[in-house]
Amino acid sequence: MTPAPVHHPSTETLAAYAAGTLRAGFDFVIAAHVRGCAQCRGEVARLEGVGGALLAEADAAAMSEEALMQALARIETAAPPAAPARTIEQIIAAAKKRWVAPGVWTARIDTPHAKDDRVYLLGVAPGVQTAKHTHSGAEFTVVLQGALNDGGVVYRAGDFCERDPDDTHHPKVEGAETCVCLFATQGRLVPSGVIGRIAFALADV
Ligand SMILES: [Zn+2]
C-alpha cells in the first residue's frame, strides 16, 4: 500500500481549488494530489461545504421570483451535457513521451491552461543531472512515481510541492527508480547553465 502523502498544498491553495478559482492547469496538478490524499480530500470537502453554505445564503437573500424564472429559463435552454470528462489517469496515460536527453523524457498534458503556462510530465532516470533553474512564475508539482530530493527535502509519490517565482532550485532523483512528476509551470523556465538551456530548448513543452 502506498504511504499517505507527507507534503500537501497550503490551505489557501486548496480553498482556491475548492472554489474553482485556481489557475487553469494548476487545478489539474492539485486534482492529481487530492485524488490520492485522504487528508486533502477531506479538507476540500470541508472548504466546498463552507463555500456552498455561503452561496446558499447569498442566493436565498438575492433570488427574487423574477430571477428564479430567469434561472429556470436558462436551465431549459442550456446545451446538452458534454461527453463524460476523462479521468486524470486517462489524461496522463494519453500523454505522449518525448525523450529529450538520455534518461529524460517529457510529455505534454492535454488540459486547459494559459497560453504561456505549461502542464507536463517529466521523467528522469536515477543518476541523471537535472538542470538548475529559476522560474519566472509559480510552479506546482506532484510526484507520480519514484522520489525527488529538492534541497534535502524528499518528495515521494503523491507528495505536492509548490515553488514561488524567483526560487532557484536543483532537484535530484532520489533512490533507484525513475522519478515521474506532473508539473504546472507559469511562464518560461530560466535554466542556469548550458546543459539546462539545451535540455529545456529540446523539451519545448
Ligand atoms: Zn494532501
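Reader: What makes a partner for valine 180 in β11: which residue stands opposite it?
Author: Glutamine 145 stands opposite valine 180 in this predicted model. Strand β5, residues 139–145, and β11 are joined by 6 bridges and run antiparallel.

Reader: Why are β5 and β11 called paired strands?
Author: Two strands pair if at least two bridges are found between them. Between β5 and β11 there are 6 bridges, so the two count as paired.

Reader: What makes β3 a partner of β11?
Author: Strand β3, residues 118–124, is joined to β11 by 7 bridges in the antiparallel sense. With at least two bridges required, β3 and β11 therefore count as a pair. Within this pairing, cysteine 179 in β11 is the bridge partner of valine 124.

Reader: How many strands form the open sheet that contains β11, and in which order?
Author: The sheet has 6 strands in the order β1-β2-β3-β11-β5-β8, with antiparallel pairing.

Reader: Why are β1 and β8 described as standing at the edges?
Author: β1 (98–101) and β8 (160–163) each have a single partner strand, so one side of each is left without a neighbour in the sheet. From one strand to the next, the twist averages 25°. For β8, 4 bridges provide the antiparallel connection to β5; glutamate 162 in β8 is the bridge partner of phenylalanine 140.

Reader: How do you know that β11 is mostly covered?
Author: Of the 7 residues in strand β11 (179–185), 7 are buried. Cys179, Cys181, Phe183 and Thr185 point one way, whereas Val180, Leu182 and Ala184 point the other way, and all are buried. In a regular strand the side chains alternate between the two faces of the sheet.

Reader: Why is cysteine 181 called buried?
Author: Buried means under 20% relative accessible area. Cysteine 181 has a value of 2%, so it counts as buried.

Reader: How do you know that cysteine 181 is in no disulfide?
Author: A search of the whole structure finds 0 disulfides. The nearest cysteine sulfur to that of cysteine 181 belongs to cysteine 179 and is 3.7 Å away. A disulfide requires sulfur atoms within 2.5 Å, so this pair does not qualify.

Reader: Which residues coordinate the zinc ion, and through which atoms?
Author: The zinc ion is coordinated by His8 (ND1), His33 (NE2), Cys37 (SG) and Cys40 (SG), at 2.0 to 2.3 Å. Donors must lie within 2.8 Å of the metal, so these atoms meet the criterion. The spacing of the donor residues in sequence is H-x24-H-x3-C-x2-C.

Reader: What makes the arrangement around the zinc ion tetrahedral?
Author: The 4 donor atoms subtend angles of 98 to 116°. Four donors count as tetrahedral if all angles lie between 85 and 135 degrees, so the arrangement is tetrahedral.

Reader: Are the donor residues histidine 33 and cysteine 40 buried or exposed, and how do you know?
Author: Histidine 33 has a relative accessible area of 1%, and cysteine 40 has one of 2%. The limit for buried is under 20%, so histidine 33 and cysteine 40 are buried.

Reader: Why is glutamate 48 called partly exposed?
Author: Glutamate 48, which lies in helix α3 (residues 38–62), has 45% relative accessibility. Buried means under 20% and exposed over 50%, so glutamate 48 falls in between and counts as partly exposed. Its C-alpha is 5.4 Å from that of alanine 18, although the two residues are 30 apart in sequence. Alanine 18 is one of the buried residues of helix α1 (residues 11–19), together with Thr13, Leu14 and Ala16. Glycine 20 follows α1 and has a positive phi, near 75°.

Reader: What makes up the open sheet of 3 strands, and which strands stand at its edges?
Author: The order is β7-β6-β10, with antiparallel pairing. β7 (153–156) and β10 (172–174) stand at the edges, because each has a single partner strand. Neighbouring strands of this sheet are turned by 35° against each other on average, direction ignored. Strand β6 (residues 147–150) and β10 share 3 bridges, and lysine 172 in β10 is the bridge partner of asparagine 149.

Reader: Which elements have the lowest and the highest mean pLDDT?
Author: Helix α6 (residues 194–203) has the lowest mean pLDDT, 50, and helix α2 (residues 26–34) the highest, 96. For the protein the mean is 82, with 74% of its residues at 70 or more. Where pLDDT is low, the predicted coordinates should not be read in detail.

How values were computed. Residues numbered from 1 in each chain as written. Predicted model: local features only at pLDDT ≥ 70, side-chain atom pairs only at ≥ 80, totals over all residues. Heavy atoms only, no water. pLDDT = per-residue confidence, 0-100. Buried < 20%, exposed > 50% of the residue type's maximum accessible area, 1.4 Å probe, protein only. Axes fitted to C-alpha atoms, helices over the stretch in contact; angles between N-to-C directions. Donors = N, O, S within 2.8 Å, 3.2 Å for Na, K, Ca; no water. Tetrahedral: all angles 85-135°; square planar, octahedral: opposite > 155°, others 65-115°.
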